[in-house]
Amino acid sequence: MPVHGRFHYLEALPKGTSSHARRPRGAAGGLMGTLVLIHGFPLSARMWEPQLELAEQGWRIIAPQLRGFDGSPSPSAATSMDDYAGDIVDLLDGLHVEQAVIGGLSMGGYITFALFRHVPQYFRAMVLADTRAQADLPQALEGRRKMLAAVKEHGVEVVADEMLPKLVSGDTLTNQPEVVDTLRAMMLRNPADVVAGAIVALMTRLDSLPLLPAIHCPTLIVVGDQDALTPPAMSEEMQRSVRGAELVVIPDAGHMSNMEQPAAFNRALAHFLERRV
Ligand code: MLT
């Protein structure tokens with residue numbers, strides 16, 4: 001995994017291209033641009049491995065490892081979406097990426113909103129996958145408090161046990177054991193204090209509903225039709241508020257639509273990049 005200063009990230013480039021290629025859009029051997037994909041909770045950048053093949057459509061793909069996840073450096077655990085967003089800005093600045101298609105899945109979407117709040121000029125387009133704009137309601141906050149206490153007392157395994165059945169569809173749970181195993185392994189590689197910090201960030205995130213009408217860039221919203229954590233109705237609500245946003249519902253997928261149905265997810269993303277960016 002490439003490292004830049006204290007930042008770890010996954011990267012893929014079209015064959016024969018260097019990250020400094022600056023040829024015009026679509027020119028042979030040129031880069032179409034950079035696609036930044038931000039991971040969800042309590043996972044890691046590795047969840048985006050099925051999307052790295054999109055580099056072959058001409059895109060440089062960067063999936064930042066959020067601070068402390070998957071053994072990446074964590075000078076102090078992040079405790080807000082702004083902490084994660086600030087790290088991503090520092091990484092993009094360090095890599096001299098001035099504008100990109102930026103998006104994320106679930107918590108990655110919450111961080112995308114934080115980025116848009118602070119640095120809208122970095123956005124060429126936005127991708128919101130299996131996420132929502134609302135902050136947590138009181139009942140959800142209660143659940144987070146319990147999870148926070150449990151992770152501090154018993155470690156990340158309890159979080160993995162609680163989250164796994166909610167992350168994927170029933171069909172994936174039964175018929176795609178490799179996806180379930182990959183998710184569990186990703187979760188168990190994260191230190192308890194980093195996961196605890198992320199829970200605090202989830203609990204204290206701002207309501208992004210008021211931000212939606214200000215999103216001025218092409219926007220793709222993607223959601224699994226069986227997403228139990230951020231159900232399709234939340235994506236429909238976002239689509240109504242973001243001008244010109246496109247919504248793609250991925251069949252036979254739960255919350256981890258990019259891993260459960262990678263071909264359909266990649267098709268939706270490639271189609272959007274080709275036509276709208
Ligand atoms: C995620 O997948 O990032 C989490 O499910 C987000 C959340 O719990 O709100």
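## Ligand site and largest pocket

In this predicted model, the lining of the largest pocket divides by class into 11 nonpolar, five polar and five charged residues. The lining comprises 21 residues in total, and those nearest the centre of the pocket are Arg 132, Ala 140, Arg 144, Lys 166 and Leu 229. The space within the largest pocket amounts to about 460 Å³. Helix 2 (107–118), helix 3 (138–154) and helix 4 (156–167) each contribute at least two residues to this lining, and helix 3, with five residues, provides the largest share.

The ligand sits in this largest pocket. Around the ligand are Gly 40, Phe 41, Ser 106, Met 107, Tyr 110, Arg 132, Arg 144, Met 163, Leu 229 and His 255, a shell that by class holds five nonpolar, three polar and two charged residues. Arg 132, Arg 144 and Leu 229, which belong to this shell, are also among the lining residues nearest the centre of the pocket.

The table gives polar contacts of the ligand.

| Residue | Protein atom | Ligand atom | Distance |
|---|---|---|---|
| Phe 41 | polar backbone atom | oxygen | 2.7 Å |
| Arg 144 | polar side-chain atom | oxygen | 2.8 Å |
| His 255 | polar side-chain atom | oxygen | 2.8 Å |

Besides these contacts, the protein covers 97% of the accessible area of the ligand, which on its own has 270 Å². Arg 144 thus appears in several roles: a polar atom of its side chain lies 2.8 Å from a ligand oxygen, and Arg 144 is one of the lining residues nearest the centre of the largest pocket.

Notes:
Residues are numbered from 1 along each chain as its sequence is written. This is a predicted model: local features need pLDDT of at least 70, side-chain atom pairs count only at pLDDT 80 or more; totals for chains, interfaces and linings use all residues. Side-chain values use heavy atoms; hydrogens and water are left out. A residue is near a molecule or strand if one of its heavy atoms lies within 4 Å of it. A polar contact is a pair of N or O atoms within 3.5 Å; within protein, one must be able to donate a hydrogen and the other to accept it, and residues adjacent in sequence count only if both atoms are side-chain atoms. Accessible areas come from the Shrake-Rupley method with a 1.4 Å probe; for residues, only the protein chains shown count as cover. On a 1 Å grid over the protein atoms alone, a cavity is a set of points where a 1.4 Å probe fits but cannot get out, and a pocket is an open set with protein on both sides within 12 Å along at least five of seven lines; lining residues have an atom within 4 Å of a point. A molecule sits in a cavity or pocket if more than half of its atoms lie within 2 Å of its grid points. Ala, Val, Leu, Ile, Met, Phe, Trp, Tyr, Cys and Pro count as nonpolar, Asp, Glu, Lys and Arg as charged, and the others, Gly among them, as polar. Grid points are joined across faces, edges and corners, and a volume is the space filled by probe spheres set on the points. Helices (H or I, at least four residues) and strands (E, at least two) are DSSP runs, numbered from the N terminus.
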